[in-house]
Amino acid sequence: MDLSSRNILWRIVALIVGGIFIYAGVIKAMDPVAFANDIDNYKILPWPLAVRLAFYLPWLEMLCGLALLLRSFYRGGLFILTGLVSIFIIASVVARARGLDITCGCFGHASKNWNFSGHLALDLAIFAALIALWISSPRQQQEL
Amino acid sequence: MNTNFSRLIGVLALAALVQSARAELKWEQTSVDLRPAFNDKQAVAHFKYENVGNTPVHFKSVHASCGCTTAQTQNEQVAPGQKGEITATFNIGGRTGTQVKTVTVQTDDPERSSIVLTLKAVITPLLEFQPTLVYWQNGEEPKPKIITAKANKDAAIKKLDVSSSTPDFTAKVDPGSAPNEFRISVQPRDTTKAVYATLTIKPDSPANTGDMFSAAARVMPSAPASKSTLSTIRHDLATPAATAASPSQ
Amino acid sequence: MKASAVRQALLLIALAFVPAIGEAIYFRDKVSWQSPIPASELVTIDQARSWGDNVIWVDARADNEFERDHIPGAILLNEDRWNELLPHFLGQWSPERKIIVYCSAQSCNASREVAKRLRDEAQLKNVFVLDGGWEEWLKDKR
């Protein structure tokens, strides 16, 4: 019983995290130019790369979010999302240290008015959830 | 938070200053963060210094990065052991958001002849509008368009009074979807002739400084001659008469 | 276990290309692929000249600098008196004209700031910043 209620807990966490990434992906896919500008603001990548990434990333996010929801390609999805979130957290901190005034862009222009620490806290929470899901997954691994 | 990062940078800068101990002029902070209230016209930063060397230091020049900031030093010459400050006064004007202004100080200290003092002010205005211009094309349906007004939450604005400079536009205010938000609905009487009006917006805040807030509403003039000629030609080609005539090839 | 996660990841990465390329084709003409649509777009004095009468000049400098001398026909719009000056500018603007904001090399952040505010707050398109500013105009004056 303990195992299955824990399973349900992880299922719910996976649903929430997957949902967040699908939502974030959809918002960014709707306005790729705005997302390209947001990536460009970090001044890490050259524009041609930033704009191509802006078209690609949202779909990857959506697919990985879906992977979490449908439990298909589950660990692959977790792997990618963890990587994405880590890169993003590092990029945000670096940008902040450089004094750049960044509009996150992760939740589209809806999150335009959030402050830096609010964003960072949310991202770290998502990162923690992803790690937790990864660690808990071998017990429920369904080969796909 | 904003402040923590700049404090960190400030501490690191201070540490760097201590390392190069041969510098004679020691600054308490070379970067100051300010959060002026919405009804402040100026933001003032105090950069305190102390001459910890044993020769006097002379300020050759104190120069701000923009005309909106004035900087003054208490004393031109700082004797050993003497303390003082450079006061930077930033005139906010109509600026909003994060503003960074610098003051460059030139001294006769050969080790550090030029020091940059940074004033960072985060300005939250009393009212912000999005957009500040609503317009209709000539002939466009005169449906109302919305200007969203966001009020500074510290001002506790309950009501906005909006008036148009000409009777060609009417404006009405409704509460917005979030607290401290208002929806200003602007509508032209008709869109057949070019009109321009300034919308004057007065908040009822008790702390109202009497500042003028304005947005603009316009009906644009009709399209230039060349454009309408082209569309007339296209229209003619599309009419049944033309299509009936052409098939006989 | 690890290997299958990597394989799954690679498959997801490959799969994501399909809708991404589809979207890129859809937006193909609406995006600047090579250079950024810059937050403040620079134009050179020569480009500005080629636009001829279609330009509205905006002076972002302080009042006294404007009074001393300015580009003929330029409208003063600085941040010091933004709320006062903005409506006057908006009355002059029209969508077909190109806006070029300039300031002096010293206070040159001002032109970028003003351009940005015109784009963000008034939602105007075709807002540019003069490369080299007022000094460039003086050099080029005929």
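This tour moves through a predicted model with chains A, B and C, naming at each stop what to select and what is found there.

**Stop 1: chain C as a whole**

Begin by selecting chain C on its own. Its secondary structure amounts to 6 helices and 5 strands. Followed along the sequence, these elements appear in the pattern α-β-α-β-α-β-α-β-α-β-α. Chain C has 142 residues, and 32% of them count as buried. Colouring by sequence position is useful here: among contacts in chain C between residues at least 6 apart in sequence, 65% link residues at least 24 apart.

Next, select Asn126(C), which lies in the loop between α5 (109–120) and β5 (127–130) of chain C. Its phi is near 60°, a positive value in a residue other than glycine. Is Asn126(C) buried or exposed? Asn126(C) has 18 C-beta neighbours inside 10 Å and therefore counts as partly exposed, since the buried class begins at 20 and the exposed class ends at 12.

**Stop 2: where chain A meets chain C**

Now display chain A together with chain C. The contact involves 22 residues of chain A and 22 residues of chain C. On the chain A side, the elements that contribute two or more residues are α2 (32–41), α3 (47–70) and α4 (74–97). Select α3(A) for the largest share of that side, 10 residues. By residue class, the chain A side divides into 17 nonpolar, 3 polar and 2 charged residues.

While chain A is displayed, move to the loop between α3 and α4 of chain A and select Arg71(A). The phi of Arg71(A) is near 60°, again a positive value in a residue other than glycine. Arg71(A) counts as partly exposed because it has 18 C-beta neighbours inside 10 Å.

**Stop 3: strand β4 of chain B**

Turn to chain B and select strand β4, residues 57–64. Two strands to show beside β4(B) are β6 and β8. Strand β6 (residues 77–78) runs antiparallel to β4(B) and is joined to it by 2 bridges. To locate this pairing, select Val57(B), which stands opposite Val78(B) in β6(B). Strand β8 (residues 97–107) is also antiparallel to β4(B), with 5 bridges between them. Here Phe59(B) serves as the marker, with Thr107(B) as its bridge partner in β8(B).

**Stop 4: an open sheet in chain B**

Select β11, β17, β16 and β13 of chain B, which form an open sheet of 4 strands in that order, with mixed pairing. Which strands stand at the edges? They are β11 (133–136) and β13 (160–164); each has a single partner strand, so one side of each is left without a neighbour in the sheet. From one strand to the next, the twist averages 20°.

Within this sheet, select β16 (residues 195–203) and β17 (residues 213–219), which pair in the antiparallel sense over 7 bridges. One position to label is Thr198(B), whose bridge partner in β17(B) is Ala216(B).

**Stop 5: a helix of chain C across the sheet**

Keep the sheet visible and add helix α4 of chain C, residues 82–92. This helix lies across β11, β16 and β17 of chain B and runs at about 5° to β17(B).

**Stop 6: a cis peptide bond**

Finish by selecting Gln130(B) and Pro131(B). The peptide bond from Gln130(B) to Pro131(B) is cis, with omega near -5°. Pro131(B) itself is placed in the loop between β10 (127–130) and β11 of chain B.

Technical notes: Residues numbered from 1 in each chain as written. Chains lettered and ligands numbered in written order. Predicted model: local features only at pLDDT ≥ 70, side-chain atom pairs only at ≥ 80, totals over all residues. Contact = placed C-beta atoms within 7 Å. Nonpolar A, V, L, I, M, F, W, Y, C, P; charged D, E, K, R; others polar. Pairing = 2+ DSSP bridges. Axes fitted to C-alpha atoms, helices over the stretch in contact; angles between N-to-C directions.
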